[in-house]
2 protein chains.
Amino acid sequence: MGRPRRFDRDAALDQALQLFWEQGYDATSIADLTRALGISAPSLYAAFGDKRALFDEAVARYEASPRSVTTAGTAGRTPREVLGAMLDVAVREYVDEDHPRGCLVNSSPELADRRAANRAATAAHVAQVTGVAADPDPGRDPATLAAFAHALLIGLSSSARDGADGAQLARIAELALRAVPE
Amino acid sequence: MGRPRRFDRDAALDQALQLFWEQGYDATSIADLTRALGISAPSLYAAFGDKRALFDEAVARYEASPRSVTTAGTAGRTPREVLGAMLDVAVREYVDEDHPRGCLVNSSPELADRRAANRAATAAHVAQVTGVAADPDPGRDPATLAAFAHALLIGLSSSARDGADGAQLARIAELALRAVPE
DNA sequence: CAAGTTCTGTAGTGATCGATACAGAACGGT
DNA sequence: ACCGTTCTGTATCGATCACTACAGAACTTG
């Protein structure tokens, strides 16, 4: 009951995600959001809480989308297959023209905790898929492989933001894969 | 002639660099700077111009210091030696406790142009030292080697900021080096 | 000493930040 | 039709932003 909301909450959330993705959290003001979302500030606060809650919800939406690179490559068996699948998804995703370039999580200073979680998740994923436990050889150690992949994804994300095209990213990924055992 | 400046301009510039490095450009306010530098706002503006000019001067100071990774590894001959030297310097530098973690240039959104310049400089450096011109093999192409190194440096910088220790960074670098031919 | 110049702190500029008080509008339940 | 509830826009809150007008203090020069 009560007066119904005049705007589509999900569409507004997508708009907010788009803005945060393009400009970052700090650089996106409430005024920017109300303009892009086509609603007034009180409606925004009533629907989403405060700015940070809106950002967190947008990030959750981002992470829930099939863009997620972390769990890509489930089909692989060897470390190279697993990391290769992740890099493939990333290279395509980071220059996709349907949305801003790069990865929202990997290029947001305020999401360091999510990056840590992603690295841990990647390490567990690699260990599970390849069946390899901790190993002194960096090429066989799931934690090192995950940290390597994670660092590369961040580098690819930043390169995409700085203007690199898909072919350049693909060459980087191809070269990087040579470090990883079959 | 006239009243002499009461503070050390170079020391103040170092303090400003420290703050920008820790917090980033946007997150560092003039109030933060006047507090850390121990001077009032008019003195700061008289000495450095405006906030962006102060930032640019601090970045120039940063790039002029021997921290620069881009030109490291001049001694090397093979791509692996050149990149290995760069990664060695970076791994040590990014966790050095004498200053904030990571690389100021690689973690500042407003310095995308400097990153592009660094990538180009690295490519020229690799080409000159190894004597290799453009090559279809990613492992022999200076531009791809430079882009790979650049992406890795950004990933290492971000990982250091997110809390990775020197040993972790070293393992990433060791693994990455396996991608690069002798 | 006095004049000229430059730095100093106090205090405040307009603009923008995130966030809200308030009143009217639009609905469901009775 | 009326009431309670919830959303709506207007208009504004205090805080903070980058930045500066102003006047006195501290120096060099004559």
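**View 1. Backbone and side-chain approaches to DNA strand D in the predicted model.** In this predicted model, Arg6(A) brings a backbone N or O atom to 2.4 Å from a phosphate oxygen of DNA strand D, and Ile30(B) has a polar backbone atom 2.8 Å from a phosphate oxygen of this strand. The side chain of Arg3(B) places an N or O atom 3.1 Å from a base nitrogen of DNA strand D. The strand has 22 residues around it, of which Arg3(A), Arg6(A), Ser40(A), Ile30(B) and Lys51(B) come nearest; a residue is near a strand if one of its heavy atoms lies within 4 Å of it. Among the atoms of DNA strand D that come within 4 Å of the protein, sugar and phosphate account for 72%.

**View 2. The protein surface near DNA strand D.** Helix 3 of chain A and helix 3 of chain B each supply at least two residues of this surface, and helix 3 of chain B gives the most, with 3 residues (helices are DSSP runs of H or I with at least four residues, numbered from the N terminus). By class, the surface near DNA strand D divides into 10 nonpolar, 6 polar and 6 charged residues, where Ala, Val, Leu, Ile, Met, Phe, Trp, Tyr, Cys and Pro count as nonpolar, Asp, Glu, Lys and Arg as charged, and the others, Gly among them, as polar.

**View 3. Chain A side chains at DNA strand C.** Lys51(A) has a polar side-chain atom 2.7 Å from a phosphate oxygen of DNA strand C, and the side chain of Tyr45(A) has an N or O atom 2.9 Å from a phosphate oxygen of this strand. In the side chain of Arg3(A), an N or O atom is 3.2 Å from a base nitrogen of DNA strand C. Helix 3 (41-48) of chain A and helix 3 (41-48) of chain B are the elements that give two or more residues to the surface near DNA strand C, and the largest share, 3 residues, comes from helix 3 of chain A. Of the atoms of DNA strand C within 4 Å of the protein, 74% belong to sugar or phosphate, and the rest belong to bases.

**View 4. The interface between chain B and chain A.** The contact, defined by heavy atoms within 4.5 Å, takes 25 residues from chain B and 25 residues from chain A. The two chains bury about 2,400 Å² between them, 63% of it on carbon and sulfur atoms; buried area is the accessible area (1.4 Å probe) that two parts lose on being put together, summed over both. Chain B and chain A share 4 salt bridges (a side-chain nitrogen of Lys or Arg within 4 Å of a carboxyl oxygen of Asp or Glu). In one salt bridge, that of Asp162(A) with Arg115(B), the closest N and O atoms are 2.6 Å apart. The side of chain B that touches chain A draws two or more residues from each of helix 6 (112-130), helix 7 (142-161) and helix 8 (166-177) of chain B, and helix 7 gives the most, with 11 residues.

**View 5. The relation between the two chains.** Chain B superposes on chain A after a rotation of 180 degrees with 0.0 Å of shift along its axis (RMSD 0.1 Å), by least squares on the C-alpha atoms of residues with pLDDT of at least 70 in both. That is the relation of a two-fold axis. Of the residues of chain B, Ala179(B) comes closest to the rotation axis, at 2.0 Å (C-alpha).

**Notes to all views.** Residues are numbered from 1 along each chain as its sequence is written, and chains are lettered from A and ligands numbered from 1 in the order in which they are written. Because this is a predicted model, local features need pLDDT of at least 70 and side-chain atom pairs count only at pLDDT 80 or more, while totals for chains, interfaces and linings use all residues, and side-chain values use heavy atoms, with hydrogens and water left out.

Note on methods: Polar contact = N/O pair within 3.5 Å; in protein donor to acceptor, adjacent residues only side chain to side chain.
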